[in-house]
Amino acid sequence: MSARAKLPPELADLLRSELETAIQEAALHRDDELIARRYIIEKWAQIDIAAELGWRRSTVGDHLKYILKRVIEVSEQLHTKRT
């Protein structure tokens with residue numbers, strides 16, 4: 001595989017189980033959930049995800065913008081301490 005994916009700071013320190021929960025709770029479409037799992041959990045590069053899906057790397061990148069935003073929002077809701 002190519003270079004590994006670099007997670008945004010908001011997700012970088014979360015445990016794998018927390019990331020998996022955030023992806024699941026984000027209610028993404030099937031392809032977007034696959035992209036999220038490959039990129040966030042398995043640390044695949046965008047080009048490798050694109051090859052698996054038969055897409056262009058830029059298309060995966062466009063989807064990742066939405067996916068990461070959504071997963072960050074959900075993870076912040078799930079893992080914010082409530083007082």
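K43 counts as partly exposed because its relative accessibility is 24%, and in this predicted model the residue lies in the loop between α3 and α4. The phi angle of K43 is near 60°, which is a positive value in a residue other than glycine. A27 can be described in similar terms, since its phi is near 55°, again a positive value in a residue other than glycine. The place of A27 is in the loop between α2 and α3, and A27 is exposed, with a relative accessible area of 62%.

**R38 and its surroundings**

K43 also appears among the residues that R38 touches; leaving aside residues up to four places away in sequence, these are K43, W44, I49 and E52. R38 itself belongs to helix α3, which covers residues 30-41. Is R38 buried or exposed? With a relative accessibility of 16%, R38 counts as buried, because the cut-off for a buried residue is under 20%.

Several interactions involve the side chain of R38. A polar contact of 3.3 Å joins the side chain of R38 to the side chain of E42, and a network of salt bridges links R38, E42 and E52. In addition, the charged end of R38 sits over the ring of W44, at 4.7 Å from the centre of that ring. As for pairs between aromatic rings, the structure holds zero of them.

**Salt bridges within helices**

Side chains of opposite charge can pair when their charged atoms come close. The count of salt bridges in this model comes to six, and the table below sets out some of them, with the distance from N to O and the helix concerned.

| Pair | N to O distance | Place and spacing |
|---|---|---|
| R16 and E20 | 2.9 Å | helix α2, four residues apart |
| R37 and E33 | 3.2 Å | helix α3, four residues apart |
| E73 and R70 | 3.6 Å | helix α5, three residues apart |

R16 and E20 are about one turn of helix α2 apart. R37 and E33 are separated by about one helical turn because they are four residues apart in helix α3, and E73 and R70 are likewise separated by about one helical turn, being three residues apart in helix α5.

The accessibility of these residues can be taken pair by pair. R16 counts as exposed at 52% relative accessibility, whereas E20 counts as partly exposed at 28%. R37 is partly exposed at 25% relative accessibility, and E33 is partly exposed at 25% as well. E73 is partly exposed, with a relative accessible area of 32%, while R70 counts as partly exposed at 25% relative accessibility.

**The nonpolar core**

The largest nonpolar core has 23 residues, and of these L11, I23, L28, Y39, I40 and V71 touch the most other members. Helices α2 (16-25), α3, α4 (46-53) and α5 (57-79) each supply at least two residues of this core. Which helix gives the most to this core? It is α5, with seven residues.

I23 offers a view of what surrounds one of these core members. Not counting residues up to four places away in sequence, I23 touches L28, E33, A36, R37, I40, I41 and V71. Among these contacts of I23 are E33 and R37, the two residues that form a salt bridge with each other.

Key:
Residues numbered from 1 in each chain as written. Predicted model: local features only at pLDDT ≥ 70, side-chain atom pairs only at ≥ 80, totals over all residues. Heavy atoms only, no water. Buried < 20%, exposed > 50% of the residue type's maximum accessible area, 1.4 Å probe, protein only. Polar contact = N/O pair within 3.5 Å; in protein donor to acceptor, adjacent residues only side chain to side chain. Contact = heavy atoms within 4.5 Å. Core = buried A, V, L, I, M, F, W, Y, C linked by side-chain atoms within 4.5 Å. Phe/Tyr/Trp six-rings, centres within 6.5 Å; stacked < 30°, edge-to-face > 60°. Lys NZ or Arg CZ within 6 Å of the ring centre and 35° of its normal. Salt bridge = Lys/Arg side-chain N within 4 Å of Asp/Glu carboxyl O.
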